[in-house]
Amino acid sequence: MGVPTNQDFQWMAHALRLAEQGLYTTTPNPRVGCVIVKNNQIVGEGAHLKAGEPHAEVHALRQAGTRAQGADIYVTLEPCSHFGKTPPCVDAVIAAKPKRVIIAVQDPNPQVAGRSVAALRDLGIEVVVGVMEHEARAQNPGFISRMTRGLPYVRSKIAASLDGRTALNNGRSQWITGEPARLDVQHWRARSCAIVTGIGTVLADNPSMTVRMVNAARQPLRVIVDSHLQTPPGCKMLEAATLQHSPVLIAYAEDRNQRADALSAAGAELICLPDAGRVDLSALLASLAQRGMNEVLVEAGQGLNGALLHARLVDEFIFYYAPKLMGADAKAMFAIPELTEMRQVTDLQILDVRQVGCDLRLRAKPVKAAT
């Protein structure tokens, strides 16, 4: 087992910054950066940018050439050891004959999971694992979740007034937050593999739920949770499916009014996941994971948000609080059964608080109860 040096943290931080280049584009692959250092100078660097294209290590090794021999290779995720759309990166690393390989986090993919580390050590190459592991994990929460739990990493974005209200009692909610906050949401959409909303939001707001950023590299899969297939075939989400090549998946439980054919003709893909007359949300998330969805962003109303909270399916909340007061009759964030004991409440760990325009953005994770 190698011991990390102060320089190891410096160069790994640079590799993590390189990995950010793939923030919006690598799905379903993880974001990975690689730096090759010799005599305290960078001789090669690279990032993985898109599935099917060369991985970060390959870019860096090509740039370094023969200078990689005897060098230190820093990579934010254990090099792959299996054939996918590209050959195993560990073979290229071994062929380069480095002195040391420094890895931020072991690959959670069962097809890798330490095999590359073992192969390198068997050949006498010094391997250091765990340098800036926390930061590397935070960069790929969805990929890690999908590989270890069979579920995507679920973020729920909620825009609310300071008194925790998300819409007026008549359903009107545009716009609670200001333009800077709405622009900030676009970055969360762009990094997500799928955006999930409920039929209530579709009927009330008729959103498009697309990424509205300049030069958006791709559009996430958009998902409507619609238990009884009430989605209008002419809604904006389905219009965008054709105009922007942005697919739409409708998860439903039953088709009482025989609308499946019309929605399919309008461009939607349908998936039936019944659970006592409602959509089985756990099954939906598992299905999204099977499709290679790493990160899922929920933008919904109190019904779907409440169901996800009650089922403990949310990994992180992103609250945007506007400096407004909307009163007790306005709609709340979560429609959940009444709680009668404080031990029933959901405790949150605050991750980050910052001002975005005139609004506040607060990120928080549910605290898992001790078992």
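Student: What relative accessible area does Cys-272 have?

Tutor: The model is predicted, with local features needing pLDDT of at least 70 and side-chain atom pairs counting only at pLDDT 80 or more, while totals for chains, interfaces and linings use all residues. Residues are numbered from 1 along each chain as its sequence is written, and side-chain values use heavy atoms, with hydrogens and water left out. Residues are called buried under 20% relative accessible area, exposed over 50% and partly exposed in between, using a 1.4 Å probe and protein chains only. Cys-272 is partly exposed because its relative accessible area is 39%.

Student: How many disulfides are there, and which cysteine has the sulfur nearest to that of Cys-272?

Tutor: A disulfide is taken here as a pair of cysteine sulfur atoms within 2.5 Å, and by this rule the count is zero. Cys-272 is accordingly in no disulfide, since the nearest cysteine sulfur is 19 Å away and belongs to Cys-235.

Student: Is Thr-197 buried or exposed, and which residue's backbone oxygen lies 2.7 Å from a polar atom of its side chain?

Tutor: Thr-197 sits in strand S8 (residues 194-198), where strands (E, at least two residues) and helices (H or I, at least four) are DSSP runs numbered from the N terminus. Thr-197 counts as buried because its relative accessibility is 1%. Its contacts (heavy atoms within 4.5 Å), not counting residues up to four places away in sequence, include Val-223, Val-225, Met-237 and Leu-304. The backbone oxygen lying 2.7 Å from a polar atom of the Thr-197 side chain is that of Glu-299.

Student: Which strands stand at the edges of the sheet that holds S8?

Tutor: Nine strands form this open sheet, with mixed pairing, in the order S11-S10-S9-S8-S14-S6-S15-S18-S17, two strands being paired if DSSP finds at least two bridges between them. Each edge strand has a single partner strand, so one side of each is left without a neighbour in the sheet; these strands are S11 (268-272) and S17 (348-356).

Student: In S14, which residue is the bridge partner of Ala-194?

Tutor: S8 and strand S14 (residues 295-298) run parallel and are joined by three bridges. Within S14, the bridge partner of Ala-194 is Val-296.

Student: What angle does helix H11 make with S9?

Tutor: Angles run from 0 to 180 degrees between N-to-C directions, with axes fitted as lines to C-alpha atoms, for helices over the stretch in contact. Helix H11 (residues 281-290) packs on the nine-stranded sheet, touching S6, S8, strand S9 (221-225), strand S10 (248-252), S11 and S14. The direction of H11 makes with that of S9 an angle of about 165 degrees.

Student: Which residues have the most contacts inside the largest nonpolar core?

Tutor: A nonpolar core is a set of buried Ala, Val, Leu, Ile, Met, Phe, Trp, Tyr and Cys residues joined through side-chain atoms within 4.5 Å. The largest has 40 residues, and its largest share, six residues, comes from helix H1 (residues 6-19). Those with the most contacts inside this core are Met-12 and Ile-36.

Student: In the sheet of five strands, which strand pairs with S3 over five bridges?

Tutor: The five strands form an open sheet of mixed pairing in the order S2-S1-S3-S4-S5, and its twist averages 15 degrees from one strand to the next. Asp-72 stands opposite Arg-100 in S4. Strand S3 (residues 72-77) pairs in the parallel sense, over five bridges, with strand S4 (residues 100-105).

Definitions and conventions:
Polar contact = N/O pair within 3.5 Å; in protein donor to acceptor, adjacent residues only side chain to side chain.
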